[in-house]
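Work through the exercises below with the sequence and the model side by side. Each task is followed by a solution in steps.

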Amino acid sequence: MRDLTYDNITERIIQAYDGTEDARLKHLLTLLIGKLHEFAKEAELSQGEWLTAVEFLRRAGDISDAQRNEFILLSDLFGLSSLVDLIAGRQAADATEPSLLGPFHVDGTPERANGADLICGNDGARIVVGGGITSTDGGAVADARLEIWQNAANGRYVNEDPEQPTDNLRCTLRAGDDGRYCFSTVKPVPYRVPGDGPGGELVRAGGRDTWRPAHIHVRITAPGHRPLVTEIFDTTDPYLESDAVFGVRESLAVPFDRTPTDAELSRHPDIERPFNMVDVDFVLAPT
Ligand code: BEZ
Ligand code: FE
């Protein structure tokens, strides 16, 4: 290919990948090459700027390891992860909106009985979170499993804080056959996403901040339904409008401060008073 020019390069490079056997991969590569070239041409990208970008990615690789993936953080900070969630949400209209998995999910957290108490000596305002899981088809979803994870009063998740007891503030719950679920916990707190790597450089260059509003992560799997990964936010959180990683959706922000009724107080005799109720229903899309 000796005759590459400014005008023919995009077409020629796409042709070079013509042998890609996987049809979906071929489609993705064709689009990606086209958009990358369009970007470079429109920006009149200089060699210095190209090198800066490549070095930025190298440093993202350097700071990543088995526990930390800076590329996911960059995807989050560019809103790409949220865009992918919104695309998934369009394919499951009427279901609960998906939102970021984040870096702290682990598979296989201990299974706890529905109604589990995760408070276990954690500081913070006590809350009882509960509601129903239904299908967009209508009716309760039976046999749903909810994985829950959140940060502690110091803003840290158990995965990044050896001082916390094993599996602090995370578990897997099996909802009832009527789709009802419930657990007690403490209010999560706002915290900063890691700012010591290229992600932090990007945030500072953009005049932004690394704060995320407080949230509880939920992943729900149930037979015959698409898995749902989402987050629950407190409507009063000061960072709802400026989430560093763009995970907030109007429908996912709920009050964290409903006063329990007498019946609810007597249903939870073991939870230290005072506590508040958080009502969250989830709707799953059938597969
Ligand atoms: C989180 O929810 O914990 C999170 C999400 C994206 C980037 C960093 C943290
Ligand atoms: Fe999180």
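**Exercise 1.** In which helix does V84 lie?

Solution. V84 lies in helix α5, residues 80-90; helices are DSSP runs of H or I with at least four residues, strands are E runs of at least two, and both are numbered from the N terminus. V84 is partly exposed, at a relative accessible area of 48%. The classes are buried (under 20% relative accessible area), exposed (over 50%) and partly exposed in between, with a 1.4 Å probe and protein chains only.

This is a predicted model, in which local features need pLDDT of at least 70 and side-chain atom pairs count only at pLDDT 80 or more, while totals for chains, interfaces and linings use all residues. Residues are numbered from 1 along each chain as its sequence is written, chains are lettered from A and ligands numbered from 1 in the order in which they are written, and side-chain values use heavy atoms, without hydrogens and water.

**Exercise 2.** Identify the donors of the iron ion (ligand 2) and their spacing in sequence.

Solution. Step one: Y157 (OH), H215 (NE2) and H217 (NE2) coordinate the iron ion (ligand 2) at 1.9 to 2.1 Å. Donors are N, O and S atoms within 2.8 Å of the metal (3.2 Å for Na, K and Ca); water is not among the atoms, so sites may look incomplete. Step two: the spacing of the donor residues is Y-x57-H-x1-H. Step three: Y157 is in the loop between β3 (145-150) and β4 (170-174) and H215 in strand β8 (residues 215-221), so this pair ties together parts 58 residues apart in sequence. Step four: Y157 is buried at 1% relative accessibility, and H215 is buried at 1%.

**Exercise 3.** Locate the partners of the salt bridges of K187 and D243, and classify their exposure.

Solution. A salt bridge is a side-chain nitrogen of Lys or Arg within 4 Å of a carboxyl oxygen of Asp or Glu. By this rule the count is 19 salt bridges.

- K187 pairs with D234, with the closest N and O atoms 3.3 Å apart. K187 sits in the loop between β5 (180-186) and β6 (191-192) and D234 in strand β9 (residues 228-234), 47 residues apart. K187 is partly exposed at 26%, whereas D234 is buried at 7%.
- D243 pairs with R212, with the closest N and O atoms 2.7 Å apart. D243 is in the loop between β9 and β10 (253-254) and R212 in strand β7 (residues 211-212), 31 residues apart. D243 is buried at 3%, and R212 is buried at 3%.
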